[in-house]
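Here's a quick tour of a protein model, with an eye on its empty spaces. Take a look at the sequence and coordinates before reading on.

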Amino acid sequence: MKWFGFTFAVVAASTAVAQDIPGARDPDGIERYPRSWIVEYENVAETLPYRFVTAPVDKIRQDLRIEGVRVSGPVQRVTYRIPDGEGLDDIVTHYRDILESVGSVVFSCEGPDCGRSTIWAHDVFGIPILVAPNRSQRFLSASATIGGVAKLVSVYAVQRGNRRLYAHVEVVAPENEVVFDTNRTLAETLARTGFAVIEGVVPDAVGTLAEEDIARIEAVASTLGALGRETVHVVCHLYGSAPVEELKRASERCASTAAEVLARVGGVATQASGLGPLAPREGLAEARVELVLPYRLRSE
């Protein structure tokens with residue numbers, strides 16, 4: 001009985017520790033990783049200068065290199081302790097899925113490719129408990145619209161040398177519009193999920209692509225070299241009041257044009273498909289050009 005009582009006391013104490021600090025809460029629209037709890041929290045309501053990091057960090061001699069976009073706005077900072085036994089990739093996937101549902105990832109990295117963890121912890125976020133081995137860090141930044149408000153979101157996840165896991169989330173609502181090249185991470189998204197929409201490319205009702213559309217496709221093509229010999233399926237979607245067969249023919253012309261540009265500029269194998277209005281996805285029932293790698297598609 002005494003041993004049972006001791007065990008119960010330990011469990012109760014652990015439960016008491018795993019509570020949010022007073023006054024803390026999740027950022028609006030960004031659900032925390034399951035069973036995690038808040039250990040650091042700051043909500044700055046007034047407008048302050050803020051640096052939104054969009055590249056690895058480094059230190060050359062005595063000079064810090066922290067690249068990003070400088071904005072101003074209210075900032076919310078939340079640091080979570082993650083339950084033991086979880087994986088860094090699972091944590092980042094959780095947040096990535098949320099952010100991609102409300103916006104797009106601007107930059108992401110993992111391990112040494114992120115730079116030095118000490119710089120992230122001390123110079124970027126000012127949270128010492130985020131210091132970890134460089135191989136045990138993950139970072140992503142995203143542009144999102146949450147509750148009708150444009151926001152910039154950063155997520156930094158680490159596993160410290162003592163095996164404890166933390167996720168730090170920062171959200172700023174910039175007072176001025178910030179425009180990113182949303183196709184910057186398209187190749188990464190395509191390789192990871194098996195599909196990606198070329199943002200900013202909108203074919204007209206007869207499947208014609210404007211000069212600016214072609215320019216965006218050319219820019220994307222130059223990033224697809226890492227796919228090697230894998231065939232990229234180029235799918236064009238069109239919607240409208242015209243008959244379905246007519247929309248399909250128009251979308252086939254659109255897909256063929258885009259596929260030719262990708263093959264010519266990027267040197268990748270392509271296959272064009274025009275689906276007209278027959279493959280809508282929630283939130284994407286609009287004209288678009290989408291790239292698909294069938295063998296990499298994930299089933300939920």
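What follows covers confidence, a cavity, a pocket and a strand pair.

## How far to trust it

Bear in mind that this is a predicted model. Averaged over the protein, the pLDDT comes out at 88, and 92% of the residues score at least 70.

Where is confidence lowest, and where is it highest? Helix 1 (residues 2-17) sits at the bottom with a mean of 42, while strand 6 (residues 165-172) tops the list at 98. For residues 1-16 the pLDDT is below 50, and apart from near neighbours in sequence this stretch has 0 contacts in the model.

## The enclosed space

How many cavities of 30 Å³ or more does the structure hold? There is just 1, and its volume is about 30 Å³. Around this cavity you'll find Tyr 50, Arg 51, Phe 52 and Val 53, along with Val 124, Phe 125, Phe 139, Ser 154 and Glu 170.

Two elements, strand 1 (37-60) and helix 3 (117-125), each bring at least two residues to that lining. Strand 1 gives the most, with 4 residues. By class, the cavity lining splits into 6 nonpolar, 1 polar and 2 charged residues.

## The second largest pocket

Now for an open space: the second largest pocket offers about 260 Å³. Its lining counts 13 residues, and those nearest the centre are Val 92, Arg 96, Glu 110, Glu 188 and Arg 192. If you're thinking about electrostatics, here's the breakdown: 8 charged residues, 3 nonpolar and 2 polar.

Which elements build this pocket's lining with at least two residues each? They are helix 2 (88-102), strand 3 (103-110), strand 4 (137-146) and helix 4 (186-193). Helix 2 is the top contributor, with 5 residues.

## A parallel pair and its crossover

Further along the chain, strand 8 (residues 232-237) runs parallel to strand 9 (residues 270-276), and the two pair over 6 bridges. To find the pairing on screen, start at Val 235, whose bridge partner in strand 9 is Ser 273.

How does the chain get from strand 8 to strand 9? The route goes through helix 6 (residues 244-266), making a β-α-β crossover that is right-handed.

## Quick recap

To pull the spaces together: the cavity lining has 6 nonpolar residues and 2 charged ones, whereas the lining of the second largest pocket has 3 nonpolar and 8 charged. Strand 1 gives the most to the cavity lining, and helix 2 does so for the second largest pocket.

Definitions and conventions:
Residues numbered from 1 in each chain as written. Predicted model: local features only at pLDDT ≥ 70, side-chain atom pairs only at ≥ 80, totals over all residues. Heavy atoms only, no water. 1 Å grid on protein atoms, 1.4 Å probe; cavity = no way out; pocket = protein on both sides within 12 Å on 5 of 7 lines; lining within 4 Å. Points joined across faces, edges and corners; volume = space filled by probe spheres on them. Nonpolar A, V, L, I, M, F, W, Y, C, P; charged D, E, K, R; others polar. Pairing = 2+ DSSP bridges. Right-handed = clockwise from strand over helix to strand, strands pointing away. pLDDT = per-residue confidence, 0-100. Contact = heavy atoms within 4.5 Å.
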